[in-house]
Amino acid sequence: MTLPGSPYVAYRGADLFIEDCALNALADRFGTPLYVYSQAAMLAALGSYQRALAGRDHLICYAMKANSNLAVLQTFAQAGCGFDIVSCGELKRVLAAGAPASRIVFSGVGKTRAEMREALEAGVLCFNVESEPELELLSQVAVAAGRTARVSLRVNPDVDAGTHPYISTGLKGNKFGVAHERAVATYQRAAALPGLEVVGIDCHIGSQITEATPYLDALDRLLDLVEAVEAQGIRLHHVDVGGGLGITYTDETPPEAGVLVAQLLERIDARGHGHRKVLFEPGRSLVGNAGVLLAEVLYLKPGDEKNFCIVDAAMNDLARPAMYEAWMGIVPCRTRATAALTWDVVGPVCESGDWLGRDRVLAVQPGDRVAVLSAGAYGMSMASNYNTRPRAAEVLVSGSQAWLIRDREDAAALFAGEHLLPG
Ligand code: LLP
C-alpha cells in the first residue's frame, strides 16, 4: 500500500516505518500519543527549495509556527535556514536553538511595544510591518532604543488563494497586511519616519495552496508595487513572497517546491527584478509530510449509525480536523489480516467535535497503534491542554536512530503555576 505524503513513511511488510524505525517500536519505547518526525524528510523538503534557489541571493525563512520544537529549529538552522517568527516566544525559542538573529524576519499583525524592543535588541533582519500605526510605534521604539529597525511592508495583494477561509490571508476582507492601494503612501510614511530603514516588501496569501497561479498573481501585484515605490525614490532590496505551499494529505497535487520557485524566479527575471534578494517563508511544506502522530486504540464502540474507534490522542493533540474539518490519513502501525470496518476515529475529549478522522476503513483492535499521517505541521505547535490533558512527547528520527526531543508533559506541571485561595 502506498501512502499519501512522504516516501519516508512506508510499510515494510506489515509494519509501518518512518525512515528505518518501526513506529510500533517507537510507541513501545516512548508511549502514546507521540509525535514522530523524520529529519531526512525535513531536509529533503528544504533541499527542494534550496536547489531551486542556488546561485541566487536568497533567504529561506522557515515559518516556525508550523513546528517549533527546538530540535526541528536546530535542524533547519544548521542547514542554513532563516526563520519567520510571529512572537517573542518564537524569538526566544529560535535563538535557543542556535539561529542567528540576522536570519530572522518578524511577521504578525499585532506586535507589542515590548516585542519590538526585544527583537530590535536581538538584531533581527527585518520587521514585516502590517499597518501604519504599527509603523509609527516601531519608529518610536527604535528611536528610544537608539537603533534602526529594518522594515518590509506586508502588502495585502487581494488575491484569492482558493484555500480554507480560516487560512486564507491575502484577501481584502482579511485582517492582514497593508491594502494594495495604500501601499505607496505607507512606504512614503515609512521612509520619512526616524529610526526606520525600508528594506523590502512581503506578502502572504494563505496556506495549503495547491496551485502556482495565486502565487504568480500575488508576485505580479508585488512587483507592480516595487516599481511604484522605487519611482518615489525609495529603494527595496528584497522581495519576500511568503509561504503557503500546500502538501499532499490525500489526493492534493501541489506543485513541487522547486518547480514553484523556478516559476517565480522566471517571472521575477522576466520583469527585470533578477538582481533583488528573494525571501520565502515556507512552513507546512518543510515539515508537514515529515511527521506522524501515533495513538493507541483504547476501545471499539460499534453502533447503529456509527462505529467509533476511540484512541488516546484527541483534538487537544491535533486540532486540524476539529478546527478546519481537515482530512488527515489514518493508518495502522501494523496491518491485520482481519476484516476492516468503517470507523470514526475519535479522542477522549468531551466534545462531539473531537474527531481525528471520519468514516475510515480500518482493521484495528484495542491496543493497536494508528498513525495520523502528515501531522508534522500545525500539529504539536497547535496542541493545547484542554481537558487537562498533558501534551504528547516528540521524537525525531534519523535513519535507525530516534531521539526524544520533547518530554511527555506531566499533569501536575499543568497546574503548578495556579494558586488556591488563602484560608
Ligand atoms: N508567513 C506568514 C506570515 C504566515 O502567516 C504563515 C502561516 C506562513 C508564512 C507559513 O505558511 P505555510 O507555508 O505553512 O502555509 N494552522 C493552519 C495554517 C495556518 C497558517 C498561518 N500562517 C493549518 O493547520 O492548516
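The exercises below treat the domains and the aromatic pairs of a predicted model.

Residues are numbered from 1 along each chain as its sequence is written, and side-chain values use heavy atoms, without hydrogens and water. Local features need pLDDT of at least 70, side-chain atom pairs count only at pLDDT 80 or more, and totals for chains, interfaces and linings use all residues.

**Exercise 1.** State which residues form domain 1 and domain 2, and describe the contact between them.

*Solution.* Step one: domain 1 comprises 9–38 + 288–414, and domain 2 comprises 107–282, with bounds from an automatic or database domain assignment. Step two: the centres of the two domains, taken over C-alpha atoms, lie 36 Å apart. Step three: domain 1 gives 10 residues and domain 2 gives 8 residues to the contact (heavy atoms within 4.5 Å).

**Exercise 2.** Determine how many salt bridges the rule finds across the interface of domain 1 and domain 2.

*Solution.* The rule asks for a side-chain nitrogen of Lys or Arg within 4 Å of a carboxyl oxygen of Asp or Glu. Across this interface, 0 salt bridges are found.

**Exercise 3.** Explain why the pair of phenylalanine 106 and phenylalanine 127 has its class, after classifying tyrosine 35 and tyrosine 37.

*Solution.* Rings of Phe, Tyr and Trp (its six-membered ring) pair if their centres lie within 6.5 Å; planes under 30 degrees apart are stacked, over 60 edge-to-face, the rest tilted. The count is 5 aromatic pairs. Tyrosine 35 and tyrosine 37 are stacked, at 6.2 Å centre to centre and 20 degrees between the planes. For phenylalanine 106 and phenylalanine 127, the centres are 5.9 Å apart and the planes at 35 degrees, so this pair is tilted.
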